[in-house]
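Reader: Could you take a close look at one part of this model for me? I'd like the surface side of things, with the cut-offs spelled out.

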Amino acid sequence: MRTKLSIVALAVSCSIQAQEIETITVNADFRDADIARLPTSVTVVDTARMQEQGGEHFEDVLKNIPNLSWAGASSRPRYFQIRGVGEQEEYQGAPNASVGFIVDDIDLSGIGMAASLFDLDQVEVLRGPQGTRYGANALAGLIYVKSNDPTESFEAGTEVTLGEDDLMALGAYASGSASDTLLYRASVQQTQQNGFRDNLYLGRDDTNERDELTGRLKLRWLASDSLTADLTVLHADLDNGYDAWTLDNNGFDTLTDQPGEDSQTTTGASLKLNWAASSAVSLVSVTSFADTEARHAYDGDWANPDYWSNLQCEDWETGQPVPCQYDYWWDKQQERTTYSQELRLVSGEEGRIFGGTTDWLVGVYAMKLDESNDLESFYNGWEDVFLKSDYEATNSAIFGQLDSELGEWTLSAGLRIEHRSSDYSDDSGEAFSPSETMWGGHLSASRYLNDHHLGYVRIARGYKAGGFNMEVPANLPGAKEFDNETLYNYEVGVKSGWLDGALSTNLALFYMDRQDQQVEASVQDPNNPQRFFLYTTNATGSTSYGLEADFSLALTANLELYGSLGLLDASYDDYIYNDKYGTPVDLSGRELAHSPSYQFNLGATYRHDLGWFANLVANGQDSYYYSDSATSNAESDSYVLWNTKIGYEAERWALYLWGRNLTDEKYGVRGFTFGNEPNDGWQEHLYVRYGDPRQFGLTFRYDYF
C-alpha cells in the first residue's frame, strides 16, 4: 500500500512544476504581515480569485470564506456573523457591531453594503476576536476590504458586464504618476439590475432593483525618503429597492402596492501617514471619516388593499366575518457620521528591545460616532410608531504589542484597554448614558515545525460594550439595559507549503467561550400584531468549536484546484426568553442563529497556453436557525450552488461567459416566524427571503498598460 501511495505522490509531484512561493500580505494587521506567518485563522481573497469567479459586489465572494455568514434582511450584506457571532438586524438606532467592516481604513461596521468588487486588491477576513488591533467592534473578527494602490507607471482599463435580469455594469480605472512624488489611482463603477422580483400587482419587474454607483480616488504622496502619505476617498451611492418578501413564500412574485427601499449613500475618506523617524522607530497615523445617509423602508403587509379585501377577517367588535383591511408601512431614515484617529509608534530594526529579539508598538485610538434616526410607521392609515432619536458614542483606547523571536519560537502578546461612553435620547422621553471600560488582547506562540510547516497556538480575549433597549414592554421587567459580553478564543493551527510551493494548506482548530452573551430578541405585541418590540438581552453564555481549512494546488502549469471548509458547533449554555404572551421558552443547548455546521468551497481554474480560460466552483452550506428566538421550524435548507466562468484572455483584453447558481437552487438568506396574516387570526408562520436565482451573462475587460 505504501509503495502505491509513493508512486501516486511521485506522479503528482512530477506533473507539477516548482513554483516560487507567493507572498500574500494581510493589511489589516499592525505590520502588514505575511499570511503564511500570521498566527491566526485568516482568509484572503485576492484579485486573481475575484476575477476568476466574477461578480460585482462583496456579496459575490462571501461563500469563499469559511465560517462567515450574513443575515439577508437588506438588499446587500450589512449584518455579518463569524463563527456564529454577529448581528442579524438593527432597526432602532443604537449601533453596536460584533464584526468589524473596514474599507481602505474607513470604518463601515454595522452598515456594510458599500463594497463594490471593481478594482479591488483583496478581501481579508480575520476570524476570532481582534481585541488588540480593533477592540470593541471586532468581537467576532474583522472584514477588511482593500482596493488597488496607485502605480508609478500608467495603466488604465474598463470592464463591461451584461446579463439576465437586465444586468448592466460598467467600470473604468486609471492609475499612474502625476509627478515624481505624487501617484494616483481613480476608479468608478455603475451597476444596475432589476433584482429578480416580479411585482404582479403593479406589473413591474424592478421594484427590488439594484442601482449602485461606487467611486474611489487614491493618492500616494512620497513626501520624502522617510514620509509617505496615502489618501483614499470613497463615494458609494446604492439606490436599491426592497421588495423581497411574499406571504406564500414563492419568493419571487410579489404583491405589494408600496415597494420598499434600501438605499445608502456613503462618502468617506482615510489618511494614512507613515513617518520613519529613524531606523529605530516609525510613527503611523490613520485618520478616517465616513458620512452615511440611509433609508430602509418596506411594505409590512406584503400585499395590497385588493388582496386583503378579498379575504375574510373577524370584526373585533361583533365577531362577524368582514372583508380584511390590512395596510402597514415601515420607514426608517438614518444619518451616521464617524470620525476616528489612531496613532502608533512602531519599532524599526534598530529599535528592537531585549537584546534585539523583540519588536514593539504602542498606540492610542479615538472614535466618535453620531447617528440620528427618524422612524415612522402607519397601520391602516393611522400613525403607528413615530420616533426621532439621537445617539452618540465615543471610544478611546490605548494598546500595545510585543513580538519576540526567541530561538525557534515567535511569541506575540498584545493588550488593549478601551473606554466607551454613549448618550441616547428620543422624542418619547427615553434617555440613556452608559459608560464602561473594557479590555482585550492576545497571546500567541508559533514556530516552524520544519522548513515548510508553521504551527501556532493563540489565546485571544474580545469584548463588546453593553447597552440599552428602547420601548421595552411591561412584561419584560429588567430588560431596559444589558451587560457587556466577553469572548475567549483558543486556537491552534498549522500553515504549510508542499511540493516546492505548488500546494499550500492552512488548518485551524478553535474553541470559543462567550460569557454574558448578548442575544437579539423580538416580541410581537399580542394586542397590536403589526408592532414588534425589539430588544437585546444577555444569555448566560455559549460555547463554540470547529475548524477552518483551505488549500490551493497548482496541479499542472495550467490547472489550479482550490477549496475551503468550515465546521462549526455553536450552541447556548443557558438561555430562556419570554414569548409574546410572557411564556418562558427554553433554548438552552440549541444552536445559535446563522451558524451552519458546515460550509465549503471547491473550485478549479484552467488556463490554456493559447488564452482559453475556464473556472468551475461549488459553494455549499448546512441548514441553520434564522433567529435567536425562533421556533424549531424556523430553519433554512442546506444547499449547494454551482457557478462557472469560461472565456478567452489575450494580453490586453478578455471576454467571458459566466453563469451563477447553475442549478437554479432556491435557498433562504433570512427568515422570520411571526403572525402577518389577519385572515387566519395572526397565526405564526415562517416567511423566507431567498437568494438570487440562476443568471447568465457576458463580461468584457480591456486593460491598457
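Which strands each supply at least two residues of the nonpolar patch?

Author: Quick ground rules: this is a predicted model, where local features need pLDDT of at least 70, side-chain atom pairs count only at pLDDT 80 or more, and totals for chains, interfaces and linings use all residues. Residues are numbered from 1 along each chain as its sequence is written, and side-chain values use heavy atoms, with hydrogens and water left out.

Your answer is strand 41 (653–660) and strand 44 (695–704); strands here are DSSP runs of E, at least two residues, numbered from the N terminus. Strand 44 is the top contributor, giving 4 residues. The patch as a whole sits on the surface and is formed by Phe154, Ile646, Trp653, Leu655, Leu657, Leu698, Phe700, Tyr702 and Tyr704, together offering about 810 Å² of accessible area. Those areas come from Shrake-Rupley with a 1.4 Å probe, and for residues only the protein chains shown count as cover. To get into a patch, a residue needs over 30% relative accessible area and no salt bridge, and nonpolar side chains (Val, Leu, Ile, Met, Phe, Trp, Tyr) are joined within 5 Å. A salt bridge means a Lys or Arg side-chain nitrogen within 4 Å of a carboxyl oxygen of Asp or Glu.

Zoom in on leucine 655, which belongs to strand 41. Its relative accessible area is 41%, so leucine 655 is partly exposed, that is, in between buried (under 20%) and exposed (over 50%), again with a 1.4 Å probe and protein chains only.

Terms used:
Patch = residues over 30% accessible without salt bridge, like charges linked within 9 Å, V, L, I, M, F, W, Y side chains within 5 Å.
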